Amino acid sequence: MPSPYRAIFAAPGTTSFSVAGFFGRMPLSMMGIGIVTMISQVTGRYGLAGALAATLAMSAAVLGPLVSRLVDRHGQRRVLRPVTLVSLAAGAGLLVCVQQRTPDWTLFVFTAVIGCVPSVGAMTRSRWAEIYRGDERRLHTAYSWESIVDEVCFIFGPIISIGLSTTWFPEAGPLFAGMFLAIGVFWLTAQRGTEPVPHPRVSGEKSVSALRSPGLQVLALAFVATGAIFGSVDVVTVAFAEEQGHKAAASLVLAVYALGSCLASAVFGLLHLKGEPSRRWLLGVCAMAVSMIPLLLAGNLPLLAVALFVAGLSIAPTMVTTMALVEAHVPRTKLTEGMTWTGTGLAIGVALGSSAAGWVVDASGAEAGYVVPVVSGALAVAVGLLGHRRLRRPAPDREGKRERDNSGVGEHQDGEQPVA
C-alpha cells in the first residue's frame, strides 16, 4: 500500500472500522439489484421488480438523513443498532412475503421499511473526520480510501447478489445483503474508541437541518443530477448489451465503469492538491458531463467498455472533493447528516435517471438512451456553475458556531474528548 495510505491507518482502530464499514456498505450495491433479481425470478414481473427497487431507493433517501441526524445527537452505537434491527426484520418480512406469494402491497410495505438502513459510508467518513480534523492532507487520503471501498463494493456486490439468487435460490441475494449489514454495523458500533462524540441538542434549542447550509444545498442538488447519470447508465447499458445479443456482458461492462473510478480514487489519494476545493469540484463535475458524450458514439460493447472506463476516471475525484466540501460547509455537530444528504441526492437521482432511461429506451432504443446521462451531466454542470459562489468559502454559520460551543461544554463536563 502506498505510504499516504499507510499513514492514515497508523491511528489506532482505523483498520478495524474500515473493514467493518466495507461489510456494512455491501448491501448498498446488493439489496436493490437483489430484490430485482428475486422478484423477476419468482414472479417474472419486471415492472413490479423495478417499482420495488425504486421504493427502496426513495425510502432510503427520505429516512437516511433522519437516521444520521439522530446519530449526530446520540452517537452511532445507540442509533445504528436499533434501526439496523428494524431494517433486518423488514428484510426478513419481505423474503417471507415473496416466498408465500402474499399481495403486492405487503412487498411495498416491507421494502419501504428496509429503507431505514443506515448510511454506513457516512459513519466511517465521520470517524475519519474526527480523527484527522484539521489535517487536510491525511483527510484527503482517507476520503479517497473511502471512495475506493465504495467502488469495490459496486464492482463485486451486484455480481455476488445476482450470482447467489440465480445459482442458489431467489432470496439468497437479499438474504446475504442483510447478513453483510448485520456484521458490518454491529462490528462498527462495537468500536467505541473511534466513534465521534455525539452532540445532544441543548434544551430549548430549535432543531435545524444541515440542509439549511447553502453550500450543502448546491452539493445535494448537483448529486441528484449525478445520480441520474449513474442510474441511466446502468439501465441503458443493460438494454444496449441485450440489443447486441450479450445481455450477460452488461455486468462486466458496468464493472469496468466502477474500476475506472476505483483506480482514479487510488491515484487521487496520493496527490497533494492545492487551490480551492470548490474549483476542483466544478472541474470534476464538468469532466463527468463531458465524459458522457462518447457513449452516444459507441457502436459495440468493447468500445462502450472503453468509453465507460474513461468516464469512470472522473467520478471518484469529484466524490472525494464533495466530502471535503461537506465538511467545510456543515457544522461539526451535523457532519454525519450532511454527508448523508449527498447520498440522498444520489439515491433520488438514480431513481429518476433509471425511470427516464427506461422510457427513452422503450421509445427509441438503447443507443438513444445514452442521451439521458448526457442531459443529466449538463444539468449537473448548470447547478455547479450557478452555485459555485456558495461553495468558494463557507458562509458564516452562527447556529453551527453556537452548537460547537455548546457541544464543547458538554464534552468537558462529561469528561469525553474526541479522538485526536
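Does Asp150 count as buried or exposed, and at what relative accessibility? At 18% relative accessibility, Asp150 counts as buried. The word has a cut-off: buried means under 20% relative accessible area, exposed means over 50%, and partly exposed is in between, with a 1.4 Å probe and protein chains only.

Before going on, a quick word on the ground rules. This is a predicted model, where local features need pLDDT of at least 70, side-chain atom pairs count only at pLDDT 80 or more, and totals for chains, interfaces and linings use all residues. Residues are numbered from 1 along each chain as its sequence is written, and side-chain values use heavy atoms, with hydrogens and water left out.

**The overall picture**

Take a look at the whole fold. The protein has 17 helices and 0 strands. Those are DSSP runs, numbered from the N terminus: H or I with at least four residues for a helix, E with at least two for a strand. Of the 420 residues, 52% count as buried. Contacts (heavy atoms within 4.5 Å) tell you about the wiring: among those between residues at least 6 apart in sequence, 84% join residues at least 24 apart. On the outside, the accessible surface comes to about 18,200 Å², and 66% of that belongs to carbon and sulfur atoms. Areas like this come from the Shrake-Rupley method with a 1.4 Å probe, and for residues only the protein chains shown count as cover.

**A buried charge network**

Now back to Asp150. The model has 4 salt bridges, a salt bridge being a side-chain nitrogen of Lys or Arg within 4 Å of a carboxyl oxygen of Asp or Glu. Here are three pairs, each with the distance between the closest N and O atoms.

| Pair | Closest N and O atoms |
|---|---|
| Arg25 and Glu146 | 2.7 Å |
| Asp150 and Arg25 | 2.8 Å |
| Asp150 and Arg125 | 2.7 Å |

Asp150 lies in helix H7 and Arg125 in helix H6, so this pair ties together parts that are 25 residues apart in sequence. Salt bridges that share partners join Arg25, Arg125, Glu146 and Asp150 into one network.

What about the burial of the partners? Arg25 is buried, and Glu146 is too. For Arg25 the relative accessible area is 4%, while Arg125 counts as buried at 10% relative accessibility. Arg125 has plenty of company: leaving aside neighbours within four places in sequence, its contacts are Arg25, Tyr143, Glu146, Ser147, Asp150, Met323 and Met339.

**Holes inside**

How many cavities of 30 Å³ or more does the count come to? The answer is 2. To find them, a 1 Å grid is laid over the protein atoms alone, and a cavity is a set of points where a 1.4 Å probe fits but cannot get out; lining residues have an atom within 4 Å of a point. Grid points are joined across faces, edges and corners, and a volume is the space filled by probe spheres set on the points.

The second largest cavity has a volume of about 140 Å³. Its lining has 14 residues, and Asp72, Pro196, Val197, His199 and Thr336 lie nearest its centre. Helix H3 (46–74), helix H6 (120–131) and helix H14 (335–364) each supply at least two residues of that lining.

**A nonpolar patch outside**

Out on the surface, Val290, Ile293, Leu296, Leu297, Val371, Val375 and Leu379 make a nonpolar patch of about 640 Å². Patch residues have over 30% relative accessible area and no salt bridge; nonpolar side chains (Val, Leu, Ile, Met, Phe, Trp, Tyr) are joined within 5 Å, and like charges within 9 Å. Helix H16 (residues 371–392) gives the most to this patch, with 3 residues. Leu296 sits in the loop between helix H11 (277–291) and helix H12 (301–312), and is partly exposed at a relative accessible area of 33%.

**Two more residues to find**

Most residues other than glycine have a negative phi. Arg101 has a positive phi of about 55 degrees, although it is not a glycine. You'll find Arg101 in the loop between helix H4 (76–100) and helix H5 (104–114), where Arg101 counts as exposed at 58% relative accessibility.

Helix H4 also holds Ser87, which is buried with a relative accessible area of 4%. Not counting residues up to four places away in sequence, Ser87 touches Val113, Ile114, Cys116, Val117 and Leu181.

Conventions. 1 Å grid on protein atoms, 1.4 Å probe; cavity = no way out; pocket = protein on both sides within 12 Å on 5 of 7 lines; lining within 4 Å.
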